[in-house]
Amino acid sequence: MSKTSQTQEPLSELEKAMDVIIDVFHQYSRREEDRDTLTKKELKLLIEKQLANYLKHVKSRATIDEIMKDLDINKDAQISFCEAMLLIIRVTIATHEHLHEVEDQQQHHHKHQHQHHH
């Protein structure tokens, strides 16, 4: 079951990243019960193993219960791929903002040092 056919262009960086997100979701969704959704246990594992560094940038490091309640839009006690993407989107946006903050601090620090030399 190859994702790419012979005639297809090689995958772009972004397409590869999308494939990885789908693959990682399935690594966890296939462990228990429904193969295409995450139980609370599967979500907890995915967060612990796959988002340990970047979830720190999400300001309130909410508990698994809170995250589950927040993501489970249709209240079926399962997280669909679509619902899981909301978490990935939020963490990605927060990480992007965090990187800019770090960059700004470094530039500010650099400028500050620069002014001292004159």
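## Close-up views of a predicted four-helix, two-strand model

**View 1. The overall fold reads α-β-α-α-β-α along the sequence.** In this predicted model, local features need pLDDT of at least 70 and side-chain atom pairs count only at pLDDT 80 or more, while totals for chains, interfaces and linings use all residues. Residues are numbered from 1 along each chain as its sequence is written, and side-chain values use heavy atoms, with hydrogens and water left out. The protein has four helices and two strands; these are DSSP runs numbered from the N terminus, with helices being H or I of at least four residues and strands being E of at least two. Of the 118 residues, 24% are buried (buried is under 20% relative accessible area, exposed is over 50% and partly exposed is in between, with a 1.4 Å probe and protein chains only).

**View 2. Here is helix α1, with its buried residues.** Helix α1 has 17 residues and reaches 24 Å from its first C-alpha to its last, close to the 24 Å expected at 1.5 Å a residue. The expected span is 1.5 Å times one less than the number of residues in the helix. Val-24, Phe-25, His-26, Tyr-28 and Ser-29 are buried in α1. As a reminder for reading such a view, an α-helix has 3.6 residues a turn, so residues three or four places apart point the same way.

**View 3. Two phenylalanines form an aromatic pair.** Rings of Phe, Tyr and Trp (its six-membered ring) pair if their centres lie within 6.5 Å; planes under 30 degrees apart count as stacked, over 60 as edge-to-face and the rest as tilted. By this rule there is one aromatic pair. Phe-25 and Phe-81 meet edge-to-face, at 5.1 Å centre to centre and with 85 degrees between the planes. The pair links distant parts of the chain, as Phe-25 sits in helix α1 (residues 13–29) and Phe-81 in helix α4 (residues 81–117), 56 residues apart. Phe-25 counts as buried because its relative accessibility is 3%, whereas Phe-81, at 30%, counts as partly exposed.

**View 4. All four helices contribute to the largest nonpolar core.** A nonpolar core is a set of buried Ala, Val, Leu, Ile, Met, Phe, Trp, Tyr and Cys residues joined through side-chain atoms within 4.5 Å. The largest one has 17 residues, and Leu-38, Leu-43, Ile-47 and Leu-87 have the most contacts inside it. Helices α1, α2, α3 and α4 each supply at least two residues of this core. Its largest share, four residues, comes from α3.

**View 5. A cavity has a wholly nonpolar lining.** On a 1 Å grid over the protein atoms alone, a cavity is a set of points where a 1.4 Å probe fits but cannot get out, and a pocket is an open set with protein on both sides within 12 Å along at least five of seven lines; lining residues have an atom within 4 Å of a point. Grid points are joined across faces, edges and corners, and a volume is the space filled by probe spheres set on the points. There is one cavity of 30 Å³ or more, and the largest cavity holds about 40 Å³. Its lining consists of Leu-38, Leu-43, Leu-46, Leu-51, Ala-84, Leu-87 and Ile-88. Helix α4 gives the most to this lining, with three residues.

**View 6. The largest pocket opens among residues of α1, α2 and α4.** This pocket has a volume of about 350 Å³. Of its 14 lining residues, Ile-21, Gln-50, Leu-51, Tyr-54 and Ile-88 lie nearest the centre. The lining divides into 10 nonpolar, four polar and no charged residues (Ala, Val, Leu, Ile, Met, Phe, Trp, Tyr, Cys and Pro count as nonpolar, Asp, Glu, Lys and Arg as charged, and the others, Gly among them, as polar).

**View 7. Loop residues deserve a look too.** Glu-33, in the loop between α1 and β1 (37–38), has a positive phi of about 40 degrees although it is not a glycine. Glu-33 counts as exposed because its relative accessibility is 65%. Ala-77, in the loop between α3 (64–71) and β2 (79–80), also has a positive phi, near 65 degrees. Leu-55 lies in the loop between α2 and α3 and is buried, with a relative accessible area of 4%. The C-alpha atoms of Leu-55 and Thr-92 are separated by 8.9 Å, although the residues are 37 apart along the chain.
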